[in-house]
Amino acid sequence: MWVAVDRRRIRKVFPTYAAARSWRASTMQAVREGRRRGPSGVRFRTAAEEWLRDAAEGTVTTRGGARYKPSVIHSYGASLNHRVLPALGGYPLDRITRGMLQGLVDRWAADGLSPSSIRNTVTAIRVVFRRAVRRGSIAVDPVAGLELPGVRGRRDRVADPWEVPRLLAALPDDDRPVWATAFMAGLRAGELRALSWDDVDLAGGVIRVRRSWCDRTKQMVGPKSTAGLRAVPMTGRLRDELTEWRMRSGRTSGLVFGPDPDTPRGYVTTGARARKAWKAAGLQPLGLHEARHSAVSMWVHAGLNVRLVSTYAGHASVAFTLQRYAWLFEGQEREAAAVLDAYLERTDTAGRLAAIDGD
């Protein structure tokens, strides 16, 4: 069948003439509706390699127009090279079907690959096909509609506000400031390791988050998203902790928590020392990311509105904050009812006073 818009011919062999005519009729209809294109000849391996190259150069961007972080490009490349290209690399893009991709997903799940790893791999496939659709190489994205395994991870531990001072007190002096910043300002691990004294306004009580450290590429990168560029307020306790640390370290420039002004702090060793100290003190340990969750929990329970919580956490949207931390709002029905009752009582009183004044 000749596809005039692409100036290409689609060929397929059938055992009977009737089957061939049926296929030709359905294919012609798909071409007219834009659901089918002529064969492009571009193989998946070529398309994937081009995407990785252009993403590294910045000519391919996210949906928001931002450059892909080096860590994301590295992760997509590893997933494509290890799991996808050996199976699909030689196929033309238009020959890869949803059924083929679903078969891969099912096989990965049967082999014991974690649901999150499967989803990350499918995301890497999706960006390649999304670009092919935009370029007109294919008409339909075969990734759409895939059934993926659900991610049922454990809930991260969150330290209660009364517990945080005890956890901090048990830490070595050189480790306490970085954990205090995680517990009270909610910075991500990479943001903590990239934090510079130029970004800490002790007088104004504000930490400005401008960059992050990427372990995979061993370089400073932008925050996780544009929303990651933010100003976070410091509590009085955190400001005192950082002021004391600045005096004790004798450093007023460069990295705040690194062993020297230019070397980021070790992530693994920081966690190992903390776990050892907390075990010796009989306290339940947690990680830097869980300390960040503890900060978000504190903001929510302190009564900050969700918009501020989302901004201080560096989330891309309020919807993500509500979805990610929905469990923090559970069990607050009684408090919500009391607030509503107080509001209604105030409005009733105001209404009665207005009626009296009118009389």
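## A walk through the helices

Of the 359 residues in the protein, 40% are buried, where buried means under 20% relative accessible area, exposed means over 50%, and partly exposed lies in between (1.4 Å probe, protein chains only). What you have open is a predicted model, in which local features need pLDDT of at least 70 and side-chain atom pairs count only at pLDDT 80 or more, while totals for chains, interfaces and linings use all residues. Residues are numbered from 1 along each chain as its sequence is written, and side-chain values use heavy atoms, with hydrogens and water left out.

Start with the whole chain on screen. The protein has 14 helices and seven strands; these are DSSP runs (H or I of at least four residues for helices, E of at least two for strands), numbered from the N terminus. Contact means heavy atoms within 4.5 Å. Among the contacts with a separation of 6 or more, 66% are between residues 24 or more positions apart.

**Stop 1: helix α5**

Select residues 115-135. This is α5, whose 21 residues should span 30 Å at 1.5 Å a residue, and its end C-alpha atoms are indeed 30 Å apart. The expected span is 1.5 Å times one less than the number of residues. Now colour the buried residues of α5: I118, T121, V122, A124, I125, V127, V128, F129, R131 and A132. What covers them? Show α2 (44-57), α3 and α4 (98-110), which are included in that cover. Before moving on, click G136 just after α5, where phi is positive at about 85°.

**Stop 2: two residues beside α5**

Go to W108 in helix α4. W108 counts as buried because its relative accessibility is 6%. Which residues does W108 touch, leaving aside its neighbours within four places in sequence? Look for R83, V84, L113, I118, T121 and I125. You can also draw a distance from W108 to I118: they are ten residues apart along the chain, and their C-alpha atoms are separated by 7.1 Å.

Next, pick S79, which sits in helix α3 (residues 70-88). Is S79 buried or exposed? S79 is buried, with a relative accessible area of 7%. With neighbours within four places in sequence set aside, S79 is in contact with V84, T121 and A124. T121 turns up in the contacts of W108 and in those of S79.

**Stop 3: helix α7 and its partner**

Select α7 (176-185). Ten of its ten residues are buried, so this helix is mostly covered. They run R176, P177, V178, W179, A180, T181, A182, F183, M184 and A185. Just past the end, G186 takes a positive phi of about 70°.

Now add helix α11 (residues 288-302). The axes of α7 and α11 come within 6 Å and cross at roughly 40°. Axes here are lines fitted to C-alpha atoms, for helices over the stretch in contact, with angles running from 0 to 180 degrees between N-to-C directions. That crossing makes α7 oblique to α11, since angles under 35 degrees count as roughly parallel, over 145 as roughly antiparallel, 65 to 115 as roughly perpendicular and the rest as oblique. To see the contact itself, show W179, A182, F183, M184 and A185 of α7 with L288, A291, R292, S294, A295, M298 and W299 of α11. By class, that gives ten nonpolar, one polar and one charged residues. Ala, Val, Leu, Ile, Met, Phe, Trp, Tyr, Cys and Pro count as nonpolar, Asp, Glu, Lys and Arg as charged, and the others, Gly among them, as polar.

**Stop 4: helix α10**

Finish with residues 267-280. Helix α10 has 14 residues and reaches 20 Å from its first C-alpha to its last, close to the 20 Å expected at 1.5 Å a residue. Colour its buried residues: T270, G271, A274, A277 and W278. Look down the axis of α10 and these fall within an arc of 130°, so they line one face of the helix; the arc is that of the directions from the helix axis to the C-beta atoms. They pack against α6 (164-169) and α7. On the face turned away from the buried side, you'll find the exposed residues V268, K276, K279 and A280.

Try one residue of each kind. A274 counts as buried because its relative accessibility is 0%, and, outside its neighbours within four places in sequence, A274 is in contact with L171 and W179. The C-alpha atoms of A274 and P172 are separated by 8.1 Å, though the two are 102 residues apart along the chain. A280, by contrast, is exposed, with a relative accessible area of 72%. Its C-alpha atom is separated by 8.6 Å from that of A170, 110 residues apart along the chain. Last click: G282, which follows α10 and has a positive phi, near 75°.
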